[in-house]
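Please open the model in your viewer and keep the sequence panel beside it. The stops below are meant to be taken in order, with a selection to make at each one.

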Amino acid sequence: MLTLNPKELDSRVFYSYLTGTIAPRPIAFASTVDKLGNVNLSPFSFFNIMGINPPILVFSPNNRGRDGSKKDTILNLEEVPEVVINMVDYAMVQQMSLSSVEFPRGTNEFNKAGFREEKSVFVTPPRLKESKAQFECKVLEIKQFGTMNLVICEVILAHFSSEIIGENGKIDQQKTDWIARMGGDWYVRANEISIFEVEKPITKIGIGYDTIPANIRLSKILTGNHLGQLGNMENLPTQTEIEAYRATETMKNIIEQVMFCCAFLENLLHTEAANLLNKNEVKEAWLVLLQKHP
Ligand SMILES: Cc1cc2nc3c(=O)[nH]c(=O)nc-3n(C[C@H](O)[C@H](O)[C@H](O)COP(=O)(O)O)c2cc1C
């Protein structure tokens with residue numbers, strides 16, 4: 001275990017450990033204007049949603065490492081406290097990266113990176129036409145801590161492309177293809193191949209890890225993820241269900257292997273349960289795990 005005290009390190013060195021581990025981070029592609037109306041577009045991965053009522057987004061342009069000066073985004077926000085935060089998908093990643101070059105103040109990165117502007121409804125900075133989610137925001141506060149400027153803003157209007165809306169009118173996660181920043185030059189792409197679902201126990205109260213019988217909890221075959229799935233089950237199968245399960249082909253095969261191949265029942269049960277849990281068949285996994293020696 002590498003243990004580091006930030007006070008004993010150069011902040012840029014510790015930064016590399018922070019950004020390499022607090023990852024992936026979504027990217028706020030922030031469109032701002034100065035008081036003369038010059039448009040600026042810059043990406044910031046120190047960014048997230050921090051509240052829903054009111055809807056609050058925060059992002060943080062740090063002062064330039066080179067000379068400690070404020071970035072154009074902050075200078076603009078001090079003049080016109082409005083921002084459009086545009087989300088970035090894979091189709092935009094290279095142009096987004098190009099826009100992060102430190103062009104002189106007043107340069108419009110929409111033009112430099114080849115993006116199109118679209119008029120906003122409630123704020124002065126334009127939206128990014130290519131972005132599939134655009135949030136028009138009013139800046140509530142800019143908090144300064146050392147070299148960072150934490151921009152706290154409220155979403156006053158949001159626009160979502162029909163390309164990412166599912167049949168139920170909500171965002172279809174499999175259609176978004178968002179990208180996020182990791183450490184160094186690494187990014188991650190959230191498409192249908194890389195994303196996965198974990199059932200959230202909002203309405204039910206699972207039995208919990210500590211209630212799982214010790215022989216299952218201490219299994220050498222089941223992983224922490226498997227035990228998490230098992231502990232998420234609200235009610236264990238009844239004795240009748242467990243006995244009925246004994247007549248299934250799965251159990252007949254397992255018992256045959258125990259009888260004729262001298263295999264350990266527990267190992268076979270745990271292996272079968274692991275396979276079922278990998279397919280998210282949690283109740284059936286419990287039915288397998290609760291079988292007794294014939
Ligand atoms: C994906 C990505 C994420 C970035 N995140 C941040 C960030 O969170 N904070 C920051 O100060 N700079 C960040 N940068 C660097 C700024 O985008 C860069 O300094 C930019 O030139 C600032 O532009 P401005 O001076 O026009 O505001 C990031 C760059 C990229 C490519």
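The tour goes from the whole chain to its sheets, a helix, the ligand and a single residue.

**Before selecting**

This is a predicted model, in which local features need pLDDT of at least 70 and side-chain atom pairs count only at pLDDT 80 or more, while totals for chains, interfaces and linings use all residues. Residues are numbered from 1 along each chain as its sequence is written.

**The two domains**

Select residues 6-190 for domain 1 and then 209-289 for domain 2; these bounds come from an automatic or database domain assignment. The C-alpha centres of domain 1 and domain 2 are 47 Å apart.

**The seven-stranded sheet**

Now turn to the open sheet of seven strands, whose order is β3-β2-β6-β9-β10-β5-β4 and whose pairing is antiparallel. Strands here are DSSP runs of E with at least two residues, helices are runs of H or I with at least four, and both are numbered from the N terminus; two strands pair if DSSP finds at least two bridges between them. At the edges stand β3 and β4 (47-52), each with a single partner strand, so one side of each has no neighbour in the sheet. On average, neighbouring strands of this sheet are turned by 30° against each other, direction ignored, with axes taken as lines fitted to C-alpha atoms, for helices over the stretch in contact.

Select β2 and β3 together, since this pair runs antiparallel and is joined by six bridges. A pair of residues to pick out is Ala30 and its bridge partner in β3, Ser42.

**Helix α2 on the sheet**

Next select α2, which lies across β2, β3, β6, β9 and β10 and runs at about 50° to β2; such angles run from 0 to 180 degrees between N-to-C directions. Within α2, the residues Asp72, Thr73, Ile74, Asn76 and Leu77 are buried, where buried means that 20 or more other C-beta atoms, placed from the backbone, lie within 10 Å of a residue's own, exposed means 12 or fewer, and partly exposed lies in between. The cover over these buried residues includes β2 (28-33), β3, β6 (82-86), β9 (133-145) and β10 (148-160), with contact taken as C-beta atoms, placed from the backbone, within 7 Å.

**Around the ligand**

Which residues come nearest to the ligand? They are Ser42, Phe46, Lys71, Asp72 and Thr73, out of 17 residues around the ligand, where near means a C-beta atom, placed from the backbone, within 6 Å. Both β3 (39-44) and α2 (72-79) supply at least two residues of this shell, and β3 gives the most, with four.

**The three-stranded sheet**

Move on to the open sheet of three strands in the order β1-β11-β12, again with antiparallel pairing. Its edge strands are β1 (25-26) and β12 (187-190), each of which pairs on one side only. Strand β11 (residues 178-181) is joined to β12 by four bridges, and in β12 the partner of Ile179 is Arg189, while that of Arg181 is Tyr187. β11 and β12 form a hairpin with five residues between them, and Gly184 in the turn has a positive phi of about 55°.

**Last selection: Gln173**

Finally, select Gln173 in helix α5 (residues 173-176). Gln173 counts as partly exposed because 15 C-beta neighbours lie inside 10 Å. From Gln173 to Ala244 there are 71 residues in sequence and 39 Å in space, C-alpha to C-alpha.

Terms used:
Two residues are in contact if their C-beta atoms, placed from the backbone, lie within 7 Å.
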